[in-house]
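Grab a coffee and work through these exercises with the model open beside you. Each task comes with a solution that goes step by step.

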Amino acid sequence: MPNDDRTRIIYRRTPESAAMLANVKRAMAITAKLNRLTFNDADEVRALFSELIGKKVDESFLLIPPFYTAGGDEIRVGRNVFVNQNCTFYDLGGLDIADDVMIGPNVSLITAGHPLEPSQRRAATIGKPIVIEKNVWIAAGATIIGGVTVGENSVVAAGSVVTRDVPPNTLVGGNPARVIRSIGE
C-alpha cells in the first residue's frame with residue numbers, strides 16, 4: 001500500500017486499531033447525546049461538539065443535528081462554521097474546516113478507506129486528510145473523499161463526489177466533480 005506523509009494506515013489487530021475502536025465507541029456515545037438535541041439547543045450542541053473534538057469551538061459555530069462521525073478527535077473547525085443536518089464526518093485522516101465554511105445537509109466528508117486489493121481490504125484502514133479552506137460552501141448531498149483540499153471561496157455543487165483538489169474561487173460539480181467555472185470574489 002502506498003504511503004506518503006499525509007496518509008495514516010492502521011492495521012487490524014494492533015494497539016492502534018484497538019485505540020481507533022475505543023475512539024469510535026466514545027464518539028458514538030457523544031453523538032448519541034448530541035443527536036437528541038434540536039436547533040434550539042445550540043449551546044448544548046456546541047458543548048458536546050467541543051467534547052467530541054477535544055477543543056472548544058467558537059460561539060459562532062452552528063450545527064443542526066443529527067450528526068455522525070467515526071472519531072471526532074481529528075476534526076478541527078474554524079469560526080463562523082455552519083453544518084446542516086444529517087452530515088457524516090469520518091475524520092481518521094484529519095479534517096480541517098477553516099473559517100466561514102457552510103456545509104449543506106447530507107454532506108459526507110470521508111477521510112477513511114481501505115486497500116483496493118481484495119486480500120488486503122479488511123487488513124487495514126487508511127486515512128487521508130481533507131482540508132476545507134476559508135469561505136467554502138459545500139452544497140447538499142456532496143461527498144468529499146480523503147486526500148482532497150477544497151480551495152478558498154469555492155463551491156461544491158449539490159450531489160457532487162469530489163475526488164481531486166478543488167482550486168480556489170471555483171465551482172465544481174458532478175461525479176466525479178469537475179470544474180464548471182471560476183467564480184468571483
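Strands here are DSSP runs of E at least two residues long, and helices are runs of H or I with at least four; both are numbered from the N terminus. Keep in mind that this is a predicted model.

**Exercise 1.** Find N80, place it among the strands, and work out how exposed it is.

Solution. Start with the location: N80 sits in the loop between β4 (75–77) and β5 (82–83). Next, check the backbone: phi of N80 is near 60°, a positive value in a residue that isn't glycine. Last, the surface: relative accessibility is 44%, so N80 counts as partly exposed. The category in play runs between the 20% and 50% cut-offs.

**Exercise 2.** Now do the steps again for N106: what is its phi, and where does N106 lie?

Solution. Phi of N106 is positive, about 65°, although N106 is not a glycine. You'll find N106 in the loop between β8 (102–103) and β9 (108–110). With 41% relative accessibility, N106 is put down as partly exposed.

**Exercise 3.** Classify the ring pair F49 and F67, then say which elements the pair links.

Solution. First, count: the structure has three aromatic pairs. For F49 and F67, the ring centres are 5.5 Å apart and the planes meet at 70°, so this pair is edge-to-face. The cut-offs needed are centres within 6.5 Å and planes over 60 degrees apart. Then map the partners: F49 belongs to helix α2 (residues 42–53) and F67 to strand β3 (residues 67–69), so the pair links distant parts of the chain, 18 residues apart. Both F49 and F67 are buried.

**Exercise 4.** Take F67 and F89: what geometry do their rings have, and are the two residues buried or exposed?

Solution. The ring centres of F67 and F89 are 5.0 Å apart with planes at 90°, so call this pair edge-to-face. F67 is in strand β3 and F89 in strand β6 (residues 87–90), so the pair ties together parts 22 residues apart in sequence. Relative accessibility is 1% for F67, so F67 counts as buried. F89, at 0%, counts as buried too. To round off, F49, F61, F67 and F89 form one aromatic cluster.

**Exercise 5.** Where do the cis peptide bonds at P66 and P176 lie?

Solution. P65 and P66 are joined by a cis peptide bond, omega about 5°, and P66 is in the loop between β2 (62–63) and β3. From N175 to P176 the bond is cis as well, with omega near -5°. P176 falls in the loop between β18 (170–174) and β19 (177–182).

How values were computed:
Residues numbered from 1 in each chain as written. Predicted model: local features only at pLDDT ≥ 70, side-chain atom pairs only at ≥ 80, totals over all residues. Heavy atoms only, no water. Phe/Tyr/Trp six-rings, centres within 6.5 Å; stacked < 30°, edge-to-face > 60°. Buried < 20%, exposed > 50% of the residue type's maximum accessible area, 1.4 Å probe, protein only.
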